[in-house]
Amino acid sequence: CDAVDSAMSPDRAGIIKCLILGEPNTLSPEQYRRFRETGTLHFLAISGQHVSMIALFCWGILAGFGLGRRANAAAVLVVVFLYAILAGFAPSVARAAVMCACYCCGYFFSRRPTLMSSMALALIVILVANPGDIYNVGLQLSFVAVVGMALLAGPLERAFFPLPDDLDRIQAPEEREWWKHPIRWYIQKTFCISLAAWIATAPLMAWHFSMVTPLAPIAGVVLLPVVTLAMIAGLPGALLGGVLPGAAHWILVFAGWQAWLLDSGAE
């Protein structure tokens, strides 16, 4: 935290602390209002996005050392659960951690878990540990959003972004060269995923908070790259702050600029 405070202004530091440490109290009332009303407050809450990025980052580093998949899966599993413990094991973090554990354990037992089965196991584990969490708003939003993305993102993408020509129509999805049109691919994927999550969670948002956030799908497309860069820089910078303060400072300065873009975008 000291490294973050010394590298950027208080308003930017508040966003980075909330983003990487899950401390909502670091946001000013105005910042909290902006992110809440644009439906982007979930970007700053430690959730499945954070856990997924950490898991992918660790897997990529370990893969460079030539370790086997089982060794990589075991190491990623340990890192993810350590991070979940540090983040307080909130329901959304616990869901992501258990789902990650399902996928990692698949390498040990030569099985391929499905999204719904891993999510069901995560819900069972959370409710066995604390049955009262069924009334937790964060748990409800987290699980409903994932179900919405799993069931609605594909149909929405086919409805809004039909395949451009006959050749694309007869190709298998994995054979389509999305890299030739990366911007189009990013926009359609991110928009449809954000829209699916918004459709699924809108009734809960209206019930619990008496508000609807129609800007959320568009804001997700615009702000997701900034959030990703802020996380990529902010988490290593905070971890290196006590070991290599010189290098950490410049990494956190870059993270601070992303925090400013994120705040300005929400505003």
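Two residues are in contact here when heavy atoms of one lie within 4.5 Å of heavy atoms of the other. Keep that in mind as we walk through this predicted model, because contact is what "packing" comes down to in what follows.

Let's start with the whole chain. It has 12 helices and 0 strands, so if you read along the sequence you meet the pattern α-α-α-α-α-α-α-α-α-α-α-α. Of the 267 residues in the chain, 39% are buried. What about the outside? The chain exposes about 14,800 Å², and carbon and sulfur atoms supply 69% of that area. Now look at the contacts between residues with a separation of 6 or more: 65% of them come from residues 24 or more positions apart.

Now zoom in on one helix, α7, which runs through residues 115-129. Its 15 residues reach 21 Å from the first C-alpha to the last, close to the 21 Å expected at 1.5 Å a residue. Which residues of α7 are buried? They are Ser118, Met119, Ala122 and Ile126. If you look down the axis of α7, these buried residues fall within an arc of 100°, so they line one face of the helix. Turn to the other side of α7 and you find Ile124 and Val128, which are exposed. And what do the buried residues of α7 pack against? Their partners are α6 (91-109) and α8 (137-160).

Helix α3, residues 29-37, tells a similar kind of story. Here Gln31, Arg34 and Phe35 are buried. They cover an arc of only 90° around the axis, which puts them on the same side of α3. After α3 comes glycine 39, whose phi is positive, near 70°.

That brings us to backbone angles. Most residues other than glycine have a negative phi. Serine 210 is worth a look with that in mind: its phi is near 55°, a positive value in a residue other than glycine. Where does serine 210 lie? You'll find serine 210 in the loop between α10 (182-209) and α11 (216-240). Is serine 210 buried or exposed? Its relative accessible area is 67%, and the cut-off for exposed is over 50%, so serine 210 counts as exposed.

Threonine 213 sits in the loop between α10 and α11 too, but threonine 213 is buried, at 6% relative accessibility. Not counting residues up to four places away in sequence, threonine 213 touches Arg36, Glu37, Thr38, Gly39 and Trp198. Notice Gly39 in that list: you have already met this glycine, the one with positive phi that follows α3.

Next, step into helix α10, where alanine 196 lies. At 0% relative accessibility, alanine 196 counts as buried. What is alanine 196 in contact with, leaving aside its neighbours within four places in sequence? The answer is Gly148, Met149, Leu152, Ala153 and Leu156. Take methionine 149 from that group: alanine 196 and methionine 149 are 47 residues apart in sequence, yet their C-alpha atoms are 5.1 Å apart in space.

Finally, let's hunt for aromatic rings that pair up. The count comes to 3 aromatic pairs. One of them joins tryptophan 59 and tyrosine 107: their ring centres are 5.3 Å apart and their planes are at 35°, so the pair is tilted. This pair links distant parts of the chain, with tryptophan 59 in helix α4 (residues 48-64) and tyrosine 107 in helix α6, 48 residues apart. Both partners are partly exposed: tryptophan 59 has 23% relative accessibility, and tyrosine 107 has a relative accessible area of 34%.

Tryptophan 257 and tryptophan 260 make another pair. Their ring centres are 6.0 Å apart and their planes are at 85°, so this pair is edge-to-face. Both tryptophans lie in helix α12 (residues 245-266), 3 residues apart, about one turn of the helix. Tryptophan 257 is partly exposed at 47% relative accessibility, and tryptophan 260 is partly exposed as well, with a relative accessible area of 39%. Tryptophan 257 has one more companion to look for: arginine 12 lies over the face of its ring, at 4.6 Å from the ring centre.

Notes:
Residues numbered from 1 in each chain as written. Predicted model: local features only at pLDDT ≥ 70, side-chain atom pairs only at ≥ 80, totals over all residues. Heavy atoms only, no water. Helix = DSSP H or I, 4+ residues; strand = E, 2+ residues; numbered from the N terminus. Expected span 1.5 Å × (residues − 1). Buried < 20%, exposed > 50% of the residue type's maximum accessible area, 1.4 Å probe, protein only. Arc of directions from axis to C-beta. Areas by Shrake-Rupley, 256 points an atom, 1.4 Å probe, with all protein chains shown as cover. Phe/Tyr/Trp six-rings, centres within 6.5 Å; stacked < 30°, edge-to-face > 60°. Lys NZ or Arg CZ within 6 Å of the ring centre and 35° of its normal.
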